[in-house]
Amino acid sequence: MPVRSMRVPRSPVLAALVLACLLAAGCKREAADPQAADAPAPRPAAMVDTDEHSYAEPARVAIDDLALDLDLDFDTKTVAGTATYTLQWKDGEAAQLVLDTRDLAIEGVEGDVEGAWQPLAFALADRDPNLGSKLTIEAPQRPAKVRVRYRTSPRASGLQWLEPAMTEGGQLPFMFSQSQQIHARSWVPLQDTPQVRYTYSARVRSRPDVMVLMSADNDPQAARDGDYAFSMPQRIPSYLMAIAAGDLVFKPISARSGVWAEPSMVDRAAAEFADTEKMIAATEALYGPYRWERYDLLVLPPSFPFGGMENPRLSFITPTVIVGDKSLVSLIAHELAHSWSGNLVTFSSAKHGWLNEGMTSYVENRIVEALYGEEFSGMEWVIARDALKRGIKGMPEATQSLAIRPGTQLDADDALSQVSYDKGAWFLQFLEQRFGREVFDPFLRGYFDHFAFQSIPTETFLAYAKQHLFDPHPGKVTDGEIQEWIYGPGIPASAPQVLSPRLGIVDSARLGWRGSKQLPPTSITGPWSTQEWLHFLEGMPETLPVADLQQLDAAYHFTGTANGEIAMRWYPLAIRSGYTPAYEAGTAFVEKIGRRKLIIPVYEALVKTEPGLALARAALENARPGYHPITTASVEKVIAEARPAPAPVPAPAPPAQDAPPPAEGSAAPAY
């Protein structure tokens, strides 16, 4: 959004906004200096947020509506058909429509000129490894509608086609999309940037024994007949367009929410996610009405590369959070929260990722607190922030800020890091504590209302915050603090801290065991939730003596656990320490699960040694047929960048008298 040129006042927050605008214009910025906040500055240029991950030119012409007519072919693993765009021509001199594509075969283009479809000239550029191929359509008469006939590649980066054996039921094939960040262009030619929001409709034909769903108005009563129609009347960006097809059935949770899953999974999923309607109501009480009519969940096969994807009306969910005790349902709270932060108000490009993910992580925690209490939400805060503290140390300084500076090159899939999620949420909690919930909650609700169905950059958020939060309540924050949070590296000194008494008990139990080798009694560990076990493992040193790992494993049965969050912490520790009994189970785990968050730490531990690297390569080849292309690319990168050492020398075990057997009555956690 452009802003008017203005003389720089001595308002600290506005000075921060001006500095942000200068950054957006490409000016060099030194480290934040609170003393320099009031210094005069030149007038900023008009603020234009560019999206370096798209070829599109939405300032000249933008897609207003998309109509799809598609055929799904499970035999050839392709989607073929037409995409018809209703266009909004903004520049009277524009004569081209530029679209993003990746590995698409463009079979023809035509425009609606004076009520008749006429062929249009087009050119498909050479393929860029990151951005795909620029499709330029010559449209000198600026037609109101343009239609592209195309076919996808069997290797489309945004689609996964699964054989029946790779599904839960094992009877029917499965396909699903993953469009975020820039993979929608691999199955639909689009202006694949969040700066463009459009409505869409679709007619999709498929084999008649599979159910087809989209991020649209799915009918829970729809029959499988091989011919489906969809409509999405709310405007969405391209990364939120989604499709799935498989042996899917529906089970309601409430009048406006339910679960789609394979028949053998649907009852377990509905039970695990039974609190979904309560989550919707809690979020509405905080931040206003849910504006998408239905909120359904689609449980995907284990190959899904993420925990969840917030596709509007139909969040895609990994089965790895279905563990039987609702301990991991904060992921549902997160995907639901996106219905306000991300889907309703969207970042204008990936370099402002915190506006989506940090805002959502903050709202997620407020939902968790409302339903499960402050004690539980406090544990979630601590675990997330401990992970951020560990991860941020190894990140380039330029990627440690919330708003990524112009010129910083990031692959689109890597743009949303722990910084976007956890530092972003931390920043919002900082504002909440400085202004109080009685002020901050209405501010955030007003923000969602004001920018509903819009895509904005960080600078627009800052301008809105200045007008509606900072100026009406002066003296609560300083300009230096805001600059440090938004543009500075690391974790600011003003970051509020959260104490968790329950995790404090875990710390004491771990320290006691480390000192005495006496495991804590069942009376302490028996009631532990997943969060407490995660904290127990995360507090361990980089390696442990094999005898210590044997003792833990005998007592708590970490090797072979069905809880992916436990596994992603246990297996790397065991592998780094040379605990060989965990190697086979660890590689079996990464071959079965495709969720990147859970398996990448295991691969990263494996590739540190030559024998482990060989295991990692074998595991990838075994898993490759079932991995999503996004997961495959991530694992290939870990292996390609490996610098292995010789086989690890296991840490020496302490004298036998210092390593007694497990304490009587020790019990494994209830996973």
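In this predicted model, a network of salt bridges links Arg390, Glu538, Glu565, Arg569, Arg595 and Lys597. Side chains of opposite charge can pair when their charged atoms come close. One member of the network, Glu538, belongs to the buried residues of helix 13, which makes this helix a natural place to continue.

Helix 13 spans residues 530-538, and 9 of its 9 residues are buried, so the helix is largely enclosed by the rest of the structure. Readers who wish to find these residues in the model can look for Thr530, Gln531, Glu532, Trp533, Leu534, His535, Phe536, Leu537 and Glu538. Their packing partners are helix 6, helix 11, helix 12 (522-525), helix 14 (546-556) and helix 15 (564-576).

Two of these partners, helix 6 and helix 11, are also joined by a charged pair. Glu375 and Arg502 form a salt bridge in which the closest N and O atoms are 3.1 Å apart. This pair connects distant parts of the chain, with Glu375 in helix 6 (residues 374-392) and Arg502 in helix 11 (residues 501-516), 127 residues apart. Glu375 is partly exposed, its relative accessible area being 45%. Arg502 is likewise partly exposed, at 22% relative accessibility, a value just to be read against the 20% under which a residue counts as buried.

Salt bridges also occur elsewhere, and the structure holds 41 of them. Among them is the bridge between Asp192 and Arg185, with 2.8 Å between the closest N and O atoms. Both ends of this pair are shielded: Asp192 counts as buried because its relative accessibility is 2%, and Arg185 counts as buried because its value is 0%. Another bridge brings together the side chains of Arg207 and Asp209, at 2.7 Å from N to O. Here Arg207 is partly exposed, with a relative accessible area of 33%, and Asp209 is partly exposed at 29%.

The backbone has a few details worth a look on the screen. A cis peptide bond, with omega at about -5°, joins Gln180 and Gln181. Gln181 sits in the loop that runs between strand 10 (174-177) and strand 11 (198-205). Lys77 is not a glycine, yet has a positive phi of about 55°. This lysine, Lys77, lies in the loop between strand 1 (61-73) and strand 2 (78-89), and is partly exposed at 24% relative accessibility. His557 also has a positive phi, near 55°, in a residue other than glycine. The loop that holds His557 runs between helix 14 and helix 15, and His557 is partly exposed, with a relative accessible area of 48%. Helix 14 and helix 15, on either side of this loop, are again among the elements against which the buried residues of helix 13 pack.

Turning to the strands, an open sheet of 3 strands shows the order 3-7-6 with antiparallel pairing. Strand 3 (96-101) and strand 6 (122-124) form its edges, each pairing on one side only. On average, neighbouring strands of this sheet are turned by 15° against each other, direction ignored. Strand 3 pairs with strand 7 (residues 133-138) in the antiparallel sense over 6 bridges. Within this pairing, Val98 has Thr136 of strand 7 as its bridge partner.

Definitions and conventions. Residues numbered from 1 in each chain as written. Predicted model: local features only at pLDDT ≥ 70, side-chain atom pairs only at ≥ 80, totals over all residues. Heavy atoms only, no water. Salt bridge = Lys/Arg side-chain N within 4 Å of Asp/Glu carboxyl O. Buried < 20%, exposed > 50% of the residue type's maximum accessible area, 1.4 Å probe, protein only. Helix = DSSP H or I, 4+ residues; strand = E, 2+ residues; numbered from the N terminus. Contact = heavy atoms within 4.5 Å. Pairing = 2+ DSSP bridges. Axes fitted to C-alpha atoms, helices over the stretch in contact; angles between N-to-C directions.
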